[in-house]
Amino acid sequence: MDPEIQKMREVALVYLDRSGGLQKFVHDCKKYNDSKQSYAVYRFIISINPSDIAELDATLGNYILHNPLQAAQIFQSVCFIAIKTLSLIEQLQTEAQISILLKPTHLPPLPSYVLSLSAYPFNYTSQRFYMSEGIVITMGTVTKYTQGARFLCTEETCPFSEDKQIVEMIDVKVLNALKGYSSDKSHFRIQALTVFLRDELANKMTIGNHYRIIGIPACVQNGLQATACIEVNSVQLCKTKGPSFVSDNFKYLLSLTSSSYWRFPAVLANIFASQVVPPGTYNTLKLAILLSLVQTCEKENGDYLDLLVVTSDTLVIDSIRHPPSSEIFPSVSKDKHGTGSASIHACSTVLAKGGICYIGDLSSYKKDKLELLQSVLESRTTTVFIPGKKYGEEADQQVTISVQTNFWSFVDVDSSSKKHIQKDNFLIGQMDMSLIPANLVDVFGLLIYNEFPFYQPSSLVHHILKKAINPEAMLYKVSKQFRTQDYEEFILFAKNLHVELSSEAENLIQGYYLASRRVRRDSIHGSTLSASALKILISLSKAHTKLSLRQTVLKEDALIAILLFESSLTLKHGTSALCVAPNSVFPFDLSDENSLQQRDIYLMQCHHQLLKFVAAYGPGIHISTNEE
């Protein structure tokens with residue numbers, strides 16, 4: 001026997017003993033030995049730390065990293081000797097009956113061990129371990145395969161028959177192209193990587209999630225087509241950590257506006273997106289956008305905040321629009337790798353997990369898509385139907401996919417008005433939304449009327465002309481002080497803040513909610529407030545708190561939430577006894593300290609007016625005030 005091979009076997013045994021792998025191996029052998037089922041092949045998974053092995057013996061460490069199939073044979077021999085020496089499995093006859101799967105815990109953090117899904121060329125000929133990251137965009141159903149053979153056994157009870165799943169992943173960088181600052185899609189092509197999940201790894205991935213995988217590249221032949229793929233060895237979910245800080249400019253701005261809980265978010269909105277529109281324009285829309293952004297998350301039952309904008313100024317809306325995909329929601333097709341099974345394809349909704357799915361003009365979608373959108377907004381899930389007969393299964397399947405994104409959409413007033421005859425019986429403040437189903441409008445958290453800034457038309461025209469000449473130009477000083485990257489870091493920090501409702505904020509929200517249910521009702525339909533109204537109010541309040549970089553929701557946050565929500569209700573159903581102004585959150589241009597002071601005075605008056613409204617219409621509600 002080769003002395004080097006013998007030495008590596010000895011090192012492998014020492015490593016298994018020290019790492020606890022030998023104890024696990026003995027336990028796995030006991031399960032096989034106690035089983036009444038007969039086995040022809042005994043499969044063992046051995047977790048290995050390449051760094052620890054390299055410290056024991058560099059040759060074996062190198063062997064594992066660069067010749068994993070041959071390294072598995074080293075461990076196979078060690079395991080066979082252990083079984084025979086300790087009489088662990090009575091039925092075992094030959095070493096060939098042992099199948100070893102080595103699972104490295106990690107790979108060295110060096111470029112040569114990273115397989116980039118966006119780099120060229122793709123090295124699938126070297127059968128060694130690589131690490132790669134990507135987002136799952138396609139998932140096949142789990143199908144049977146025969147271990148250690150090139151044929152598929154049709155016997156369901158075959159002891160060699162196990163489960164496998166085919167998945168497709170894309171590089172994370174692809175999402176930057178899909179976010180898009182251009183509607184021209186001709187300059188890029190999305191290339192997916194095929195991934196094989198076998199045995200215990202089947203169903204370990206979720207569509208839309210970001211994973212780090214370790215595996216061995218391979219090439220699969222399907223007729224005349226060859227597909228590069230990865231046989232996955234281990235799967236790890238990647239979780240993005242937000243920054244633990246905000247920029248010094250934001251900290252300084254926070255200190256300057258500390259005299260009022262309303263000022264910091266107001267100034268943030270005022271100067272936000274200065275690369276797109278002049279500071280001071282579209283403030284209500286920009287505040288709503290910021291509130292929605294800090295309420296993005298990757299968890300079920302999150303405080304999601306969806307926006308629907310009514311506008312006649314689609315130029316500004318489209319300027320932040322990414323190119324829409326052909327499908328908003330997941331779709332099903334036959335697997336292209338020859339298995340005949342079904343593959344579920346991701347879409348904008350799933351790929352926007354933890355972020356924003358911008359779906360454009362609602363009036364451009366057909367009735368069935370709008371009904372599906374309403375169902376998704378209500379349940380935060382979407383269901384994919386897989387007919388069994390079509391995809392070689394005995395029974396039909398339904399796969400439910402969690403939707404963890406905020407939706408943004410708009411309705412073009414000018415275009416929609418041409419598609420139907422407007423009604424004449426509108427209430428004061430109400431907009432014609434009859435083109436969109438009322439139930440769908442209700443499930444959006446906020447309805448915003450984005451009016452052209454007639455008080456500053458020249459500044460907007462000047463901005464658009466300047467940008468047309470030089471798209472990269474920074475036209476305002478605040479664009480340099482508060483860059484897009486600064487806002488991105490700020491939002492990532494703010495969205496991860498954990499906030500709690502104070503009792504005064506909770507009482508104010510509940511008082512307004514109950515009073516509004518009493519005021520906004522008719523004899524036919526009862527209350528016009530949607531079932532999700534209270535949840536939306538709480539979400540808005542928490543968002544304003546996060547935007548203020550605080551962790552306790554105060555009455556000041558609740559007031560902004562109520563004013564935004566009441567303005568939204570007014571657009572849907574007309575004004576109520578509370579009677580808020582159209583620009584209730586930004587009644588003045590925020591040009592200097594004095595205008596901020598005037599806004600504070602105005603909002604305190606709104607708070608007093610709200611307390612009177614609750615006292616008059618809230619059933620038995622009493623909210624204590626500082627004046628008392």
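**Close-up views of a predicted model**

**View 1. Helix α8 and its surroundings.** Right after α8 comes Ala273, a residue with a positive phi, near 60°. This is a predicted model, and the helix itself, residues 263-271, is mostly covered, with nine of its nine residues buried. They are Arg263, Phe264, Pro265, Ala266, Val267, Leu268, Ala269, Asn270 and Ile271. If you look for what does the covering, you will find α7 (248-256), α9 (283-293), α16 (477-481), α17 (484-495), α19 (533-547) and α21 (593-617) among the elements involved.

**View 2. The largest nonpolar core.** Here 72 residues come together in the largest nonpolar core, and Leu268, Leu287, Phe490, Tyr512, Leu540 and Leu610 have the most contacts inside it. The biggest contribution is made by helix α20 (residues 555-573), which supplies nine residues. Another core lies apart from this one; it has 37 residues, including Tyr32, Tyr42, Ile83 and Phe129.

**View 3. Tyr512 and the residues it touches.** Which residues does Tyr512 touch, once those up to four places away in sequence are set aside? The partners are Leu537, Ile562, Phe565, Glu566, Leu569, Leu578, Leu610, Phe613 and Val614. Tyr512 is also one of the residues with the most contacts inside the largest nonpolar core.

**View 4. Two serines, Ser568 and Ser87.** Is Ser568, a residue of helix α20, buried or exposed? Ser568 counts as buried because its relative accessible area is 0%, against a cut-off of under 20%. Beyond its neighbours within four places in sequence, Ser568 makes contact with Leu446 and Leu447. Ser87, for its part, sits in the loop that runs between α5 (68-86) and β2 (98-104). With a relative accessible area of 57%, Ser87 is exposed, since the term applies over 50%. Although Ser87 and Asn33 are 54 residues apart in sequence, their C-alpha atoms are 9.8 Å apart in space.

**View 5. Confidence along the chain.** The average pLDDT of the protein chain is 84, and 84% of the residues score at least 70. Confidence peaks in strand β20 (residues 552-553), at a mean of 96, and is lowest in helix α10 (residues 314-318), at 54. For residues 181-186 the pLDDT is below 50, and this stretch has four contacts in the model beyond near neighbours in sequence. Residues 318-325 also stay under 50, with 22 contacts beyond four places in sequence. A friendly caution for anyone taking coordinates onward: where pLDDT is low, they should not be read in detail.

Conventions
Residues numbered from 1 in each chain as written. Predicted model: local features only at pLDDT ≥ 70, side-chain atom pairs only at ≥ 80, totals over all residues. Heavy atoms only, no water. Core = buried A, V, L, I, M, F, W, Y, C linked by side-chain atoms within 4.5 Å. Buried < 20%, exposed > 50% of the residue type's maximum accessible area, 1.4 Å probe, protein only. Helix = DSSP H or I, 4+ residues; strand = E, 2+ residues; numbered from the N terminus. Contact = heavy atoms within 4.5 Å. pLDDT = per-residue confidence, 0-100.
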